[in-house]
Amino acid sequence: MKPITTLDIIALTLVAIHFGVPLTYYMYLRKKWLHKPWDVKRDRSYSPMVAIVLPTYMAAKNIVSRLDNIYEQNYPRGLIEVIVVDDNSPDGTAERVREWYEKHRGINLKLVIRPSRSGKLSAILEGLKHVSSSAEIVIFTDDDCVWDRNALRNTVSYFADPHVGVVTGSIRYLDSGNMIHNVYRMFYNMVRIAESKLWSTPIHNGPLLAVRRSIINEVGLPDFPEADDSAFGSYIAFAGYRAIQVDDVWVYEFSSSKQHIRMLRRAYHLITYFLKLKKYAKQKGIYRKTIFDKVWVIESYLHLVNPWILSVATVLLATSLAIGSLIAGMLLLIGIALLMLKPYRTWITMQTYLIIATIRNLWIRDITWPR
């Protein structure tokens, strides 16, 4: 067996970069920003009219409980309107919505049925057309999540500060069946909240994304095919407003048997939007340079470049092992053994999603995904 090779040295350098950059960034956020108080002028009594846009597809099994959850929010029902946009579900989702509304006339609800399935983005943009002129805050949500009872009240309170343009909630999983995703969410929430206290975070959550209506009227929303919740939030951050994930607005999701599809879909959209959004904002003429640009550069690197650094290092070590390097073999075995540790296994899983999503992004452009 050969001693350490040039390939081993290059691979070790790449591994150090791959783990060192995000770890340094995480420690910086945790130490300097995570525990700082919010530099936001909140008013818990602030109670504007709120429009909730709820796109649905094949949601007959859970749409009633979702609407119940909105109805039970600790917020005046007279100041809530719900716009359900059904993407031509064949399972009777629209009928369940009508039945529910017959029993809950205490809240304003509009049902919009699309003539054919056209995807979430199209449904959201259609829903915006039906928002009442009196609504000051528009909240986008999903049909398969649960809000904490005070989620709406706490979300709205941040909009008392005129600099805040977007507020998104923090996510927890209701079941503990998939520890990988629970560990992922724990670190994810810490990073997003710290970035938000710094100024804004570039990554937002579809189960609860609140946007100031006047800003939508001012700059619009991105409408390229892969635009999603994160694209909405960052687009408004690029316009100079704050787009924040907060630590007292909790949203709950169930781990799905198709969780890997959900994570791959999210990775796919993140890859696409990190490639497109800043240029798109400049083309639209809404871009304003702020401290958010620094966060954007780091997160772009972490999503677009960093996963591939680890992949290249792995290939180099495998090549070095093939030509007889004992060190390469030992390093690969250590990497495999570390998969026993949940944080490491979670990290590798997420890097794998990003790599697969990048490859997929090269030749596939999806508007809709399987439910």
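The legends below accompany an overall view and several close-up views of a predicted model.

**Figure 1. Overall fold of the protein, with 13 helices and eight strands.** The radius of gyration is 22 Å, close to the 21 Å that the globule rule gives for 371 residues, so the protein is as compact as a globular protein of that length. Measured out along its principal axes, the C-alpha trace spans about 75 × 45 × 40 Å. Of the 371 residues, 56% are buried, and the surface that the protein exposes comes to about 16,500 Å², with carbon and sulfur atoms supplying 62% of that area. Among contacts with a separation of 6 or more, 85% are accounted for by residues 24 or more positions apart.

**Figure 2. Close-up of a nonpolar surface patch that includes Leu12.** Ile4, Ile9 and Leu12 together make this patch, which has an area of about 250 Å². Leu12 lies in helix α1, a helix that covers residues 6-34. The relative accessibility of Leu12 is 37%, and Leu12 therefore counts as partly exposed, since that value falls between the limits of 20% for buried and 50% for exposed.

**Figure 3. Close-up of the ring pair formed by Phe19 and Tyr344.** The whole structure holds 14 aromatic pairs. In the pair shown here, the ring centres of Phe19 and Tyr344 are 6.1 Å apart and the ring planes meet at 25 degrees, so the pair is classed as stacked. Distant parts of the chain are linked by this pair, because Phe19 belongs to helix α1 whereas Tyr344 belongs to helix α13 (residues 342-361), with the two positions 325 residues apart. Phe19, at 27% relative accessibility, counts as partly exposed, whereas Tyr344, at 19%, counts as buried.

**Figure 4. Close-up of the ring pair formed by Tyr273 and Trp296.** Here the ring centres lie 5.3 Å apart and the planes stand at 85 degrees, so the pair of Tyr273 and Trp296 is edge-to-face. This pair, too, links distant parts of the chain, with Tyr273 in helix α9 (residues 259-284) and Trp296 in helix α10 (residues 292-304), 23 residues apart. Both Tyr273 and Trp296 are buried.

**Figure 5. Close-up of the aromatic cluster that contains Tyr273 and Trp296.** Ring pairs join Phe238, Tyr273, Phe274, Tyr287, Phe292 and Trp296 into this cluster. Within the cluster, the edge-to-face pair of Figure 4 joins Tyr273 to Trp296, and both of these residues are buried.

Methods. Residues numbered from 1 in each chain as written. Predicted model: local features only at pLDDT ≥ 70, side-chain atom pairs only at ≥ 80, totals over all residues. Heavy atoms only, no water. Patch = residues over 30% accessible without salt bridge, like charges linked within 9 Å, V, L, I, M, F, W, Y side chains within 5 Å. Areas by Shrake-Rupley, 256 points an atom, 1.4 Å probe, with all protein chains shown as cover. Salt bridge = Lys/Arg side-chain N within 4 Å of Asp/Glu carboxyl O. Helix = DSSP H or I, 4+ residues; strand = E, 2+ residues; numbered from the N terminus. Buried < 20%, exposed > 50% of the residue type's maximum accessible area, 1.4 Å probe, protein only. Rg over C-alpha atoms; globule rule 2.2 N^0.38 Å. Contact = heavy atoms within 4.5 Å. Phe/Tyr/Trp six-rings, centres within 6.5 Å; stacked < 30°, edge-to-face > 60°.
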